[in-house]
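Please work through the following exercises with the sequence and the structure at hand, and try each task before reading the solution that follows it.

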Amino acid sequence: MTYEPRYERFEAKAPDGRNVPVEFRKAGFLTLGDNPELYFFAVAGEETVVGISGGALKRAQERRRLTREEKIDLAGNWLKRQIEAGVRLHSEHLFLRDEELAQMAGELSIQV
């Protein structure tokens, strides 16, 4: 069964009722700290980065490796939730650790 990505391009409804267009741009990683993976999105034309803890990913992938598309969706779903909650799109609010990663995986029915 092939995974069908849902968060490469989507809209989120801001608290003020506006539809905010979001589009995935690229992925990368940092070689510092716990080697987080970074997912770059354009949010209404502005670059926004969502990070996923490298340690959290390593623990989540002990049973099976997540696909690129699944990781994009985990980051995209977290970004959508933050936009809809009216959270300031700043790195401290856009970083998934173990708990957030497990929560997003559960919402998307991704086995981790």
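**Exercise 1: Gln 82 in its surroundings**

Gln 82 is found in helix 2. The model used throughout these exercises is a predicted one.

Task: decide whether Gln 82 is buried or exposed, and find which residues it touches beyond its neighbours in sequence.

Solution. Begin with the accessibility: Gln 82 has a relative accessible area of 10%, and since buried means under 20%, Gln 82 is buried. Then turn to the contacts, where, not counting residues up to four places away in sequence, Gln 82 touches Val 87, Leu 89, His 93 and Leu 94.

**Exercise 2: The order and direction of the strands**

Task: work out in which order the strands form the sheet, and how each pair of neighbouring strands runs.

Solution. Start with the whole arrangement: five strands form an open sheet in the order 1-2-3-4-5, with mixed pairing. The edges are strand 1 (9-13) and strand 5 (95-96), each of which pairs on one side only.

Next, go through the pairs in turn. Strand 1 and strand 2 pair in the antiparallel sense over five bridges, and within this pair Lys 13 stands opposite Asn 19 of strand 2. The hairpin of strand 1 and strand 2 has five residues between the strands, and Gly 17 in this hairpin takes a positive phi near 95°. Strand 2 (residues 19-29) is joined to strand 3 (residues 37-43) by seven bridges, and these two strands run antiparallel. Strand 3 and strand 4 also pair in the antiparallel sense, over seven bridges, whereas strand 4 and strand 5 run parallel and are joined by two bridges. In that parallel pair, Phe 95 of strand 5 is the bridge partner of Gly 51.

Finally, look along strand 1, where the side chains alternate: Phe 10 and Ala 12 point to one face and are buried, while Arg 9, Glu 11 and Lys 13 point to the other face and are not buried.

**Exercise 3: Two residues of strand 3**

Task: describe the partners of Glu 37, and then the setting of Leu 38.

Solution. Glu 37 is found in strand 3, so the step to take is to look to both sides of that strand. Glu 37 stands opposite Phe 29, and in strand 4 the bridge partner of Glu 37 is Ile 52. The side chain of Glu 37 makes a polar contact of 2.4 Å with the side chain of Tyr 39, and a further polar contact, of 3.2 Å, joins the side chains of Glu 37 and Lys 71. Leaving aside neighbours within four places in sequence, the residues in contact with Glu 37 include Gly 28, Val 50, Gly 51 and Leu 57.

Leu 38 also has its place in strand 3. At 15% relative accessibility Leu 38 counts as buried, and among the residues it touches, not counting those up to four places away in sequence, are Lys 26, Ala 27, Leu 30 and Val 49. The C-alpha atoms of Leu 38 and Ser 91 are separated by 11 Å, although the two residues are 53 residues apart along the chain.

**Exercise 4: How helix 2 is placed**

Task: find which strands helix 2 lies across, and at what angle helix 2 and helix 3 cross.

Solution. Helix 2 (residues 68-84) lies across strand 1, strand 2, strand 3, strand 4 (46-52) and strand 5, and runs at about 55° to strand 3.

For the second part, two packed helices are described by the angle between their axes and by the distance between the axes. The axes of helix 2 and helix 3 (residues 98-108) come within 9 Å and cross at roughly 100°, which makes helix 2 roughly perpendicular to helix 3. Among the residues that make the contact are Leu 74 and Trp 78 of helix 2, together with Leu 101 and Met 104 of helix 3. By class, the contact has six nonpolar, two polar and four charged residues.

**Exercise 5: Two positive phi values**

Task: say where Ala 44 and Ser 109 lie, and whether each is buried, partly exposed or exposed.

Solution. Ala 44 lies in the loop between strand 3 and strand 4, which form a hairpin with two residues between them. Phi of Ala 44 is near 50°, a positive value in a residue other than glycine, and at 47% relative accessibility Ala 44 counts as partly exposed. Ser 109 is found in the segment after helix 3 and has a positive phi of about 55°, although it is not a glycine. With a relative accessible area of 62%, Ser 109 is exposed.

How values were computed. Residues numbered from 1 in each chain as written. Predicted model: local features only at pLDDT ≥ 70, side-chain atom pairs only at ≥ 80, totals over all residues. Heavy atoms only, no water. Pairing = 2+ DSSP bridges. Helix = DSSP H or I, 4+ residues; strand = E, 2+ residues; numbered from the N terminus. Contact = heavy atoms within 4.5 Å. Axes fitted to C-alpha atoms, helices over the stretch in contact; angles between N-to-C directions. Polar contact = N/O pair within 3.5 Å; in protein donor to acceptor, adjacent residues only side chain to side chain. Buried < 20%, exposed > 50% of the residue type's maximum accessible area, 1.4 Å probe, protein only. Parallel < 35°, antiparallel > 145°, perpendicular 65-115°, else oblique. Nonpolar A, V, L, I, M, F, W, Y, C, P; charged D, E, K, R; others polar.
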